[in-house]
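User: Hi! I would like to go through this model step by step, with a little reasoning behind each answer. Could you take my questions in turn?

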Amino acid sequence: MALETWLFKVKSAISHSFDSVITTNPIPKSSKKSTVIGVLAFEVAGLMSKLFHLWPSLSDKNIVKLRNESISIEGVRKIVSNDESFLLGLACAEMAENLRILAKSVSRLSKRCSDGNLRRFERLFDEFANSGHDPNCWVLSCKEMEAKNKKMDRYVTVTATLYKEIEELTTLENGLRKILQCNDHEQSTKNEQKIMDLQQKIFWQRQEIKYLKERSIWNRSFDGVVSMLVRSVFTILARIKLVFGVGHGYGYPASLPRSLSASATVHPTENPNNFVSGPLMSSSATTKLDHQGFFESNSKLLKPPETTLGASALALHYANLIIVMEKMIKSPQLVGVDARDDLYSMLPNSIRCFLRSRLKGVGFSASDPLLAGEWRDALGRILGWLSPLAHNMIKWQSERSFEQQNMVAKTNVLLLQTLFFANKDKTEAAITELLVGLNYIWRFEREMTAKALFECANFNGVLMNNSQKSS
């Protein structure tokens, strides 16, 4: 009976303490405006993490890198655009759009603040974006923003740790509940020490969580935390406009025949200008954006023209296709017939038509080692500028998926560095060239392998005949 009484007390204590962890200090209705962040700390930490990653991307070092390297990538100049101001406009528009989405989340939180100015954040932010008017002086200096960024980084780290510790507490309490639900007297006696150990672990786990809540944003007021977010958003927008030289006009920021062989095979194209593209939007289209608000202008600029892969929803598919071909080109001798058929099944009708036209009249022989070498060089050159855009496309997409799941934003890759704004016809011409070259070197490798096996079989036959004669 003593053991059963003790177990009943443990059950009651665990149930009461577990419920207290879940409910977390209810706030009276009268003080709703001054409530603490509480469980919303995890959402707020996600916003802080995104702002934390967006600010460094606007540093002098990264902007210089963007101008001198990112928009000068060979593939970007060949199939996206060779107009520098247009590319810088795309970079500016994407960063502004990322900030607009963050500001929307901050606006939702600001509605719960007691400060009237914070509650009006959405209207004040739009006004600041369109006119530069900052009545509350929310824009921080670079030095102040750096200090704020470090503070947000600490909050994000501690809040992430808090999340893990709460999960661990839940696991421990669930384990204890399962043991306490056992009605077998002998088993309960056997697990008495285990129950006491779990109790002790739960106690210390709660102490750790209490300590982390004090250090994180869990127990901070809405006004204090939202004020930090609001100032960061204003400062980042001011920085975007400054580094890209954008005023209130919202335009772009101101600131590239041989004969066939005996086998009638197709030779690699030698004209490197085949894939060079110009601006995707005319200057007249740009002026139409000047009469709209800042964010509206940037959102429209990010809408891909009809001639691009983004508009036809093929950017991600072509990125995967290019990466598959890249692997095959590196090791053509390992490509089987099934893999070749699978690759062909990935091709849309437009590329199949290009491919049939390019291979028209091609013979079945592929035994010229010089031509095979030329094709390898040509494919290497095309992959040299096309492959980075394909990999960037996959990376950009995966980062956004990761962001949605884990509330962490990374801005390592911009849309302009992917296939999203790539000219559809020029990209398909490059892919077709890769397919033609892959077809030749694949057949060449098979013919060389077959020839080697045939010669080896003949050699073994001669050896066997000689050995039989000698015997």
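**Helices, core and side-chain pairs**

User: Happy to start with the overall build. How many helices and strands does the secondary structure of the protein come to?

Analyst: Gladly, and please keep in mind that this is a predicted model. Buried residues make up 43% of the 471 residues in the protein. Carbon and sulfur atoms account for 55% of an accessible surface of about 25,000 Å². As for secondary structure, the tally is 18 helices and zero strands.

User: Which helix gives the largest share of the largest nonpolar core?
Analyst: That core has 122 residues, and those with the most contacts inside it are Met 48, Phe 244, Leu 386 and Leu 419. The largest share of this core is 14 residues, and they come from helix α5 (residues 84-110).

User: Which residues does Met 48 touch, leaving out those up to four places away in sequence?
Analyst: Met 48 is a good one to pick, being among the residues with the most contacts inside the largest nonpolar core. Not counting residues up to four places away in sequence, its partners are Met 152, Tyr 155, Val 156, Ile 217, Val 225, Met 228 and Leu 229.

User: Let's turn to charges. In the salt bridge of Lys 78 and Glu 74, is Lys 78 buried or exposed?
Analyst: The two side chains meet at 3.8 Å, N to O. Both residues lie in helix α4 (residues 74-79), four residues apart, about one turn of the helix. Glu 74 has 45% relative accessibility and therefore counts as partly exposed. Lys 78 has 11%, so Lys 78 counts as buried.

User: How many residues apart are Arg 206 and Glu 173?
Analyst: Their side chains form a salt bridge at 2.6 Å, N to O. This pair links distant parts of the chain, with Arg 206 in helix α10 (residues 192-215) and Glu 173 in helix α8 (residues 142-180), and the separation is 33 residues.

User: And for Glu 445 and Arg 376, why does Arg 376 count as partly exposed?
Analyst: The closest N and O atoms of this salt bridge are 2.5 Å apart. The pair links distant parts of the chain, from Glu 445 in helix α18 (residues 424-470) to Arg 376 in helix α17 (residues 369-406). Glu 445 is buried, with a relative accessible area of 18%. Partly exposed covers the range between under 20% and over 50%, and Arg 376 falls there because its relative accessibility is 35%.

User: Now the rings. Why is the pair of Phe 121 and Phe 125 stacked?
Analyst: There are eleven aromatic pairs in the count. Phe 121 and Phe 125 both lie in helix α7 (residues 121-131), about one turn of the helix apart. Planes under 30 degrees apart count as stacked. The ring centres here are 5.5 Å apart, and the pair is stacked because the planes lie at 20°.

User: What is the angle between the planes of Trp 138 and Phe 234?
Analyst: Trp 138 is in the loop between α7 and α8, while Phe 234 is in helix α11 (residues 222-243). Trp 138 counts as buried at 6% relative accessibility, and Phe 234 is buried at 1%. The ring centres are 5.1 Å apart in this edge-to-face pair, and the angle between the planes is 80°.

User: Last one: which residue lies over the face of Phe 294?
Analyst: Phe 294 belongs to one aromatic cluster with Phe 121, Phe 125, Phe 128, Trp 138, Phe 234 and Phe 295. At 4.8 Å from the ring centre of Phe 294, the residue over the face is Lys 241.

Definitions and conventions:
Residues numbered from 1 in each chain as written. Predicted model: local features only at pLDDT ≥ 70, side-chain atom pairs only at ≥ 80, totals over all residues. Heavy atoms only, no water. Salt bridge = Lys/Arg side-chain N within 4 Å of Asp/Glu carboxyl O. Helix = DSSP H or I, 4+ residues; strand = E, 2+ residues; numbered from the N terminus. Buried < 20%, exposed > 50% of the residue type's maximum accessible area, 1.4 Å probe, protein only. Areas by Shrake-Rupley, 256 points an atom, 1.4 Å probe, with all protein chains shown as cover. Core = buried A, V, L, I, M, F, W, Y, C linked by side-chain atoms within 4.5 Å. Contact = heavy atoms within 4.5 Å. Phe/Tyr/Trp six-rings, centres within 6.5 Å; stacked < 30°, edge-to-face > 60°. Lys NZ or Arg CZ within 6 Å of the ring centre and 35° of its normal.
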